[in-house]
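Trainee: I should like to understand the terms applied to this structure. May we go through them one at a time?

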Amino acid sequence: MASPHQLATFLETSERRAFKQALYAVREEEAALDIVQDTMMKLAEKYGDRPAEEFPMLFQRILQNTIRDHFRRSKVRNLWTTALSAFSQDDAEHDPLETLQSAQDQGTARTPESDLLQSRTLAAIENELKKLPPRQREAFVMRYWEEMDVAETASAMGCSEGSVKTHCSRATHTLAAALAALGISL
């Protein structure tokens with residue numbers, strides 16, 4: 001059973017990454033803030049008494065569902081707006097993308113040139129991640145940035161472990177090819 005302090009600490013450390021994930025998904029800053037706030041409230045209200053080890057998986061699942069709810073509401077809203085005002089708006093579904101965490105250089109001194117190269121590389125990776133299909137991006141982010149295992153990712157995504165492995169493999173190969181085409185080798 002987690003203490004209120006553990007819950008607060010988890011929410012504090014997850015807030016920025018969750019915002020970035022939601023922002024990539026909905027592409028509206030205000031909506032992303034609302035989604036993160038709703039996610040945090042749901043976790044605290046419904047699952048605050050769970051063990052602290054369960055928070056990351058629960059939080060990701062709630063975040064994904066809240067983003068999907070946002071798109072469902074948007075579609076209904078757009079349907080009525082379109083029907084009533086003859087304006088249409090494309091609402092392509094995008095799954096969230098996590099903040100890219102740069103790897104710390106170990107054993108080498110950081111220089112302005114290396115920092116610039118690293119920031120450009122991260123920007124290229126971030127751009128290529130945006131191009132991935134939603135489920136591949138979602139699986140990739142949860143597995144490699146959130147460091148969730150296959151079972152946790154499958155549970156959070158609501159799919160089988162085999163699907164998670166397939167999505168991650170495809171995402172990894174697509175990213176590697178795209179980055180190689182840009183002359184970036186990792």
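Mentor: Let us begin with the salt bridges: a search of the whole structure finds six. This is a predicted model, in which local features need pLDDT of at least 70 and side-chain atom pairs count only at pLDDT 80 or more, while totals for chains, interfaces and linings use all residues. Residues are numbered from 1 along each chain as its sequence is written, and side-chain values use heavy atoms, with hydrogens and water left out.

Trainee: What makes the contact of glutamate 126 and lysine 20 a salt bridge?

Mentor: The term requires a side-chain nitrogen of Lys or Arg within 4 Å of a carboxyl oxygen of Asp or Glu. Between glutamate 126 and lysine 20 the N to O distance is 3.7 Å, so the pair meets the definition.

Trainee: Which parts does this pair tie together?

Mentor: Glutamate 126 belongs to helix 4 (residues 112-131) and lysine 20 to helix 1, so the salt bridge links parts that are 106 residues apart in sequence. Helices here are DSSP runs (H or I, at least four residues), numbered from the N terminus.

Trainee: Why is glutamate 126 called buried?

Mentor: Buried means under 20% relative accessible area, exposed over 50%, and partly exposed in between (1.4 Å probe, protein chains only). Glutamate 126 has 19%, and therefore counts as buried. Lysine 20, at 26%, is therefore partly exposed.

Trainee: How do you know that aspartate 69 and arginine 72 form a salt bridge?

Mentor: Their side chains meet at 2.8 Å, N to O, so the distance satisfies the cut-off. Because they are three residues apart in helix 3, about one helical turn separates them. Aspartate 69 is partly exposed at 27% relative accessibility, and arginine 72 is partly exposed at 49%. Elsewhere, salt bridges that share partners join Arg68, Arg135 and Glu138 into one network.

Trainee: What makes a group of residues a nonpolar core?

Mentor: A nonpolar core is a set of buried Ala, Val, Leu, Ile, Met, Phe, Trp, Tyr and Cys residues joined through side-chain atoms within 4.5 Å. The largest one has 21 residues, and Leu11, Val26, Leu43, Phe59 and Ile67 have the most contacts inside it. Helix 1 (4-26), helix 2 (29-47) and helix 3 (55-85) are the elements that each give two or more residues to this core. Another core, of eleven residues, lies apart from it and includes Ala124, Leu129, Val141 and Trp145.
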